[in-house]
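The exercises below ask you to read a protein model step by step. Try each task before turning to its solution.

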Amino acid sequence: MRAATAAGVLVLLVAIVRGPARAQSLESITHPQEGRSMRASSGSPLHNSDSEKFAPGEGKTIARLTGPGKIAHVWLVPSSMNVRYPRALVLRIYWDGAEVPSVEAPLGDFFAVGNGMRATVDSLPVKVSSYGRGYNCYWQMPFRKEAKVTLTNESDEEPASCYYQIDWVQLDRAPAETMYFHARYHQEYPPKLGEPYTVFRGKGRGHYVGTVLSSLNAIGHWFGEGDDFFYIDGEAEPSILGTGTEDYINEAWNMRVHSSLFTGCTVFEPRAPDARITAYRWHVPDPILFRTSLRFEIERKGFLMDSRGEVRSSSGSRPDYWSSVSFWYQDAIAQPWCEFPPYEARVQPEIVVHLPQVVDRIGHSAGVELQVNPYNRATYTKPWFRAKNETVGSWIEIPFEVREEGRYSMSLFQHLREDNGIWKVYIDGKEIHEAGESHIAGGYRVSLVNQRPPERINKTLDFFNVYRKDEHEDYIYGQRRERKIGLFRFEPGVHVLRLVCVGANPLSFDPETGRPGCHLSADVLSVRELPFGDMDAWIEKALEHEKKQVEGQ
């Protein structure tokens, strides 16, 4: 049933790209085809190390195609020691000699995963496989004279590499009508109180075909009560309006991590003040048509929860940091409708500790053997760290240095395996307590009173591979996943993450000994500095703004 639906849906793409450069379906693929199949590739017949290398700050043209033609498929496999490389690598595509790119977006955001994170995506025009390794795009991209594709590593610290294949068709003649494909990244950091988020502004004739929306939440609880508004051809009141952010994504009552043909939620962290979210909506069967202009906005409204855990409003103006990519086709090459922010403005300042590089500084109890293993596909062939352990109560300590006082979100990039155990978390020697109490970490007292269980900090980390499938890679290499530990305020100085083994997952076992698996393996400790401080002052202003709106009605 799903295959039949997908085949039928592909027919709809024919309407998006007219003429001989048409999208394929199981029906149309039986017809004679025009043009010549071509490929631009990083491949080399001389050796297997055929990825393109990018120094920090370096950009390269990876394809220059002579038209008329149509890009039908883009495959990219990037790699970097930069844990946020999906935000550092920027894809740009220029049509017919234009000086401005019609496609300009960070790689991850273009492929429906924001905030520099990784996830699997399985939609109609975009597919990301192997938990964020293989990026595939099937948006149809016709051009008349020339197409230029560039990739830039905008990181100022880490190099990157990327394998690529760009499959396209060279045509004998240009289509009678060519609608150019566009995709543009936008962000509003920080938000403005009471103002909606602008997803897209366009001038000319075209149709809007997709949205990737990401959020860096600034306060706890639910973020998505904002309605969507489409203002078509200069109208003062939107002729298309929605009922909520999750409704626009075609979800209902919250969001859930999933990926499907036209909609999906690729990232949804629990409702904590530092939660990260990405969702997408492809308007392939229901494009938004415009003749002269289109403006698309979403209200940034939701529940307002203060630092005491009290919900003050269910539809207040929230201070979340939003970013997005808008996708559309247009009959002319569009000028950029917003400025593209530099890399340092797109990511949060982050303390990154690569555990294999600091193994000599990691403390441990007697009986624990620290290992640096040289090769693992789960960590992009990088060396990987392992604490070999067979005893409950054993511990390791990972130091990290904070240079500026502030709010920080701590994550550990776990390396999940079938022989790993469960380890309890301590910060600076202090235990993270249950809700209803307070804990101190780096001099910061966090009240968790009245907060729901999803708001709690993760007291323990299970390093067993709960995602394991009957695949050789999972059995041999494991899975690399970023797991959030919690939100803290740290003072300047050296701090310590202490992990204490408290047992094994019921399914975990050591194949060498036959005993329950109590090991630990990981890749990176991340401590992200959040750009927002105490949000109680914002909440009071938001409540006053909400009151004035009600009184003015």
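A cavity is a set of grid points where a 1.4 Å probe fits but cannot get out, and its lining residues are those with an atom within 4 Å of a point. The model used throughout these exercises is a predicted one.

**Exercise 1.** Describe the largest cavity by its volume, its lining residues and their classes.

Solution. Rolling a probe the size of a water molecule over the atoms shows where empty space is left. Begin with the whole structure, where the search finds four cavities of 30 Å³ or more. Next, take the largest cavity, which holds about 100 Å³ of space. Its lining consists of R84, R87, N115, Y189, L216, R276, R346, V347, Q348, E350 and R528. Finally, sort that lining by class, which gives six charged, three nonpolar and two polar residues.

**Exercise 2.** Decide how well the radius of gyration of the chain agrees with that of a compact globule, and add a description of its overall build.

Solution. First set the expectation: a compact globule of 553 residues would have a radius of gyration near 24 Å, and because the chain has 25 Å, the two agree. Then consider the extent along the principal axes, where the C-alpha atoms fill a box of roughly 75 × 70 × 45 Å. The secondary structure amounts to 39 strands and seven helices. Of the 553 residues, 57% are buried, while the chain exposes about 23200 Å², with carbon and sulfur atoms supplying 50% of that area. As a last step, look at contacts between residues at least 6 apart in sequence, of which 79% join residues at least 24 apart.

**Exercise 3.** Classify H415, F223 and R403 as buried or exposed, and describe the surroundings of each.

Solution. The cut-offs come first: buried means under 20% relative accessible area, and exposed means over 50%.

- H415 belongs to strand β31, which spans residues 406-416. Its relative accessibility is 0%, so H415 is buried. Beyond its sequence neighbours within four places, H415 has contacts that include W384, F463 and Y477.
- F223 sits in the loop between β15 and β16, and because its relative accessible area is 3%, F223 is buried too. Leaving out residues up to four places away in sequence, F223 touches M255, F268 and W322, among others. The C-alpha atom of F223 is 6.3 Å from that of F303, although 80 residues separate the two along the chain.
- R403 is found in the loop between β30 and β31, and its relative accessible area of 68% is why R403 counts as exposed. From C-alpha to C-alpha, R403 and F490 are 9.3 Å apart in space, with their positions 87 residues apart in sequence.

**Exercise 4.** Which backbone features set apart the bond joining G67 and P68, the bond from Y189 to P190, and the residues D96 and N250?

Solution. Start from the usual case: most residues other than glycine have a negative phi, and most peptide bonds are trans. The bond joining G67 and P68 is cis, with omega about 5°, and P68 lies in the loop between β3 and β4. The bond from Y189 to P190 is likewise cis, with omega near -10°, and P190 is placed in the loop between β13 and β14. Turning to phi, D96 has a positive value of about 55° and occupies the loop between β5 and β6. N250 also has a positive phi, near 70°, and lies in the loop between α4 and β18. With a relative accessible area of 47%, N250 is therefore partly exposed.

Note on methods
Residues numbered from 1 in each chain as written. Predicted model: local features only at pLDDT ≥ 70, side-chain atom pairs only at ≥ 80, totals over all residues. Heavy atoms only, no water. 1 Å grid on protein atoms, 1.4 Å probe; cavity = no way out; pocket = protein on both sides within 12 Å on 5 of 7 lines; lining within 4 Å. Points joined across faces, edges and corners; volume = space filled by probe spheres on them. Nonpolar A, V, L, I, M, F, W, Y, C, P; charged D, E, K, R; others polar. Helix = DSSP H or I, 4+ residues; strand = E, 2+ residues; numbered from the N terminus. Rg over C-alpha atoms; globule rule 2.2 N^0.38 Å. Buried < 20%, exposed > 50% of the residue type's maximum accessible area, 1.4 Å probe, protein only. Contact = heavy atoms within 4.5 Å. Areas by Shrake-Rupley, 256 points an atom, 1.4 Å probe, with all protein chains shown as cover.
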